[in-house]
Amino acid sequence: MSAGPDWSGRTPQVRLGPPGHGGFCVARHEGRVLFVRHGLPGELVRARVTEDRGGSFCRAEAIDILEASPDRVPPNCPVSGPGGAGCCDFAFATPQAQRALKASVVREQLRRLAHWETDIVVEMLPVRETGLGSRAGGAGRSRGPATGSEPDAEHRLREDATVVVPGAEAPEVGWRTRVRLVVDAEGRAGVHRYRSSDVITDLRCPQPVSGAMDGIADRAWTPGAELVIAVDADGLRHIVEVAPPAAPPRRGGDRRATAARRAAAHARRAERVVSGSGRAVQYVAGRRWEVSATGFWQPHRDAAQRYSDVVAEWADLAPGATAWDLYCGAGVFAARLAEQTGPGGSVLGVESARSAVADGAAALRDLPAVDLRSDRVERWIAAQDRAPEVVVLDPPRAGAGKQVITPLTAAAPARIVHIGCDPAAFARDVGLYREAGYRVRELRAFDAFPATHHVECLALFERA
Ligand SMILES: C[S@@+](CC[C@H](N)C(=O)[O-])C[C@H]1O[C@@H](n2cnc3c(N)ncnc32)[C@H](O)[C@@H]1O
């Protein structure tokens, strides 16, 4: 701990070192570490300290670039610069440089947390021009029938079909099909300022697919609510307003007060469909899903298709085989696994969100091998006594952890496909597999969140 004065507001001149996990570069000044946002490795910057909690490091942001990196470009997100939102961490770096930064972070996390030195290439996802009114979707998918509700004039499908540009550089804009906004006390939609509860009502972040944000700033929303905007693969926009959380119960440090606050935070909130049907149509590998617009779907328009292709290639199940799809959502991977096992196989999917299980069961009803269950993975896995041949798991950002990986590896499946969007949690989980006697046979990383510090990693493990 630093016993010295609070550095908040200081503006030291520093040379930026390597990127750290979380969208910043590491610098040193007078014996302390600074985590500096809005800069690139090697740059000389004047940094303003934004947070000093007295520990070994301070948070800062680069406010003057004194010597710029050759990887620097004019930022394409006007909302996320110094003092701005946390949406885009690297909107001022070339796409190639962004991928190199992410590769460096994944490599470092694997070295530190999994004690494994390896080289990483972060791959771009295919370029595809999609957006409101375009008929977007996965490669080779079939076009689905109309949704239950007719699109209005603003949202009617246009005839400009998806354009795939082979070999082109990944777009750093217009990739996000799901957006979650907050509503301020005046009823304006926006995003949080970085590490703050302030709401910034400038909606010009370039991540959403084209048309997703049209008209959102012109309307008054319910103060304290959240807005979910989903542009589905048929080009229909769904806007759902999620009611403000119930007033938090009384303050206090005792266990009952803490439990009551936690229950209030997780309580179901009313949803009001403002536009579209609230049921998003998605396609992966020619199969059609209809899922809740507020439920989970991979946000990058091409991610579900790409990951499911990798999962199918690595799983390589024989007819009649058994597999698990843990944290299965609506069963995107379960579908690919069941196509391989055929009706004589068994694919068990486990997912905590009941609505996702129901949506998945409906989409996969023609696959008799599939059985999707609503449960918590850590509870479900502890009750299993038979090992499948292949396990696919795609946990939330915090990773699977010991509670899941210990019983999973004890069951000794021949192959495990693990997917993780947080490099630190992913690296921790890789370390657990390695300790349990599995080795990494394949590792791929995808730039599924351009301009942000997030990166999706997929690994195939085999028993050593
Ligand atoms: C990253 S998503 C993956 C979903 C799915 N594989 C897909 O690609 O669409 C993680 C999923 O895990 C679910 N989940 C989170 N914690 C869970 C738990 N403890 N047990 C079961 N499911 C959980 C979430 O509801 C979410 O659907």
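## What sits over helix α5

In this predicted model, the buried residues of helix α5 are covered by a set of elements that includes the strands β16 (279–284), β17 (287–292), β19 and β20. The helix itself spans residues 354–363. Its buried residues are A356, V357, D359, G360 and A363. Look down the axis of α5 and these buried residues fall within an arc of 165°, so they line one face of the helix. That fits a general point about helices: an α-helix has 3.6 residues a turn, so residues three or four places apart point the same way.

Two of those covering strands, β16 and β17, are partners: they pair antiparallel over 6 bridges. At the turn end of things, V284 stands opposite R287 of β17. The hairpin they make has 2 residues between the strands, and A285 in that hairpin takes a positive phi near 50°. As background, most residues other than glycine have a negative phi.

## The eight-strand sheet

The other two covering strands belong to an open sheet. Its 8 strands follow the order β7-β23-β24-β22-β21-β18-β19-β20, and the pairing is mixed. At the edges stand β7 (122–124) and β20 (370–374), each with a single partner strand, so one side of each has no neighbour in the sheet. From one strand to the next, the twist averages 20°.

Helix α5 packs on this sheet, where it touches β19 (346–351) and β20; the direction of α5 makes about 165° with that of β20. Over at the β7 edge, β7 pairs with β23 (residues 438–447) in the parallel sense, over 3 bridges. One residue pair to look up there is M124 with its bridge partner D447 in β23.

## Where α3 meets α4

Now for a helix pair. Helix α3 (residues 303–315) packs with helix α4 (residues 332–341) at an angle of about 35°, and their axes are 9 Å apart. The crossing of α3 and α4 is right-handed. On the α3 side, the contact is made by A304, Q305, Y307, S308, D309, V311, A312 and A315, while α4 brings V332, F333, R336, L337 and Q340. Sort the residues of this contact by type and you get 8 nonpolar, 3 polar and 2 charged.

## Two positive phi values in the loops

Which residue in the loop between α3 and β18 deserves a look? D316 is placed there, with β18 covering 322–326. Phi of D316 is near 45°, which is positive even though this residue is not a glycine. With 55% relative accessibility, D316 counts as exposed, since the cut-off for exposed is over 50%.

Y327 is found in the loop between β18 and α4. Y327 is not a glycine either, yet has a positive phi of about 60°. Is Y327 buried or exposed? Its relative accessibility is 17%, so Y327 counts as buried, the cut-off being under 20%.

## The six-strand sheet and H38

Another open sheet has 6 strands, in the order β1-β5-β6-β4-β3-β2, again with mixed pairing. The edge strands here are β1 (13–15) and β2 (19–20), each of which pairs on one side only. Within this sheet, β3 (residues 24–29) and β4 (residues 32–37) run antiparallel and are joined by 5 bridges. H29 has R32 of β4 as its bridge partner.

H38 lies in the loop between β4 and β5 (44–51). At 7% relative accessibility, H38 counts as buried. What does H38 contact, leaving aside its neighbours within four places in sequence? The list is E61, A62, I65, R72, S80, G81, P82 and F92.

## The whole chain

Stepping back, the secondary structure of the protein chain comes to 8 helices and 24 strands. Of the 464 residues in the chain, 54% are buried. Among contacts with a separation of 6 or more, 67% are between residues 24 or more positions apart.

Definitions and conventions
Residues are numbered from 1 along each chain as its sequence is written. This is a predicted model: local features need pLDDT of at least 70, side-chain atom pairs count only at pLDDT 80 or more; totals for chains, interfaces and linings use all residues. Side-chain values use heavy atoms; hydrogens and water are left out. Axes are lines fitted to C-alpha atoms, for helices over the stretch in contact, and angles run from 0 to 180 degrees between N-to-C directions. Helices (H or I, at least four residues) and strands (E, at least two) are DSSP runs, numbered from the N terminus. A crossing is left-handed if the near helix is turned anticlockwise from the far one by less than a right angle, and right-handed if clockwise. Contact means heavy atoms within 4.5 Å. Ala, Val, Leu, Ile, Met, Phe, Trp, Tyr, Cys and Pro count as nonpolar, Asp, Glu, Lys and Arg as charged, and the others, Gly among them, as polar. Two strands pair if DSSP finds at least two bridges between them. Buried means under 20% relative accessible area, exposed over 50%, partly exposed in between (1.4 Å probe, protein chains only). The arc is that of the directions from the helix axis to the C-beta atoms.
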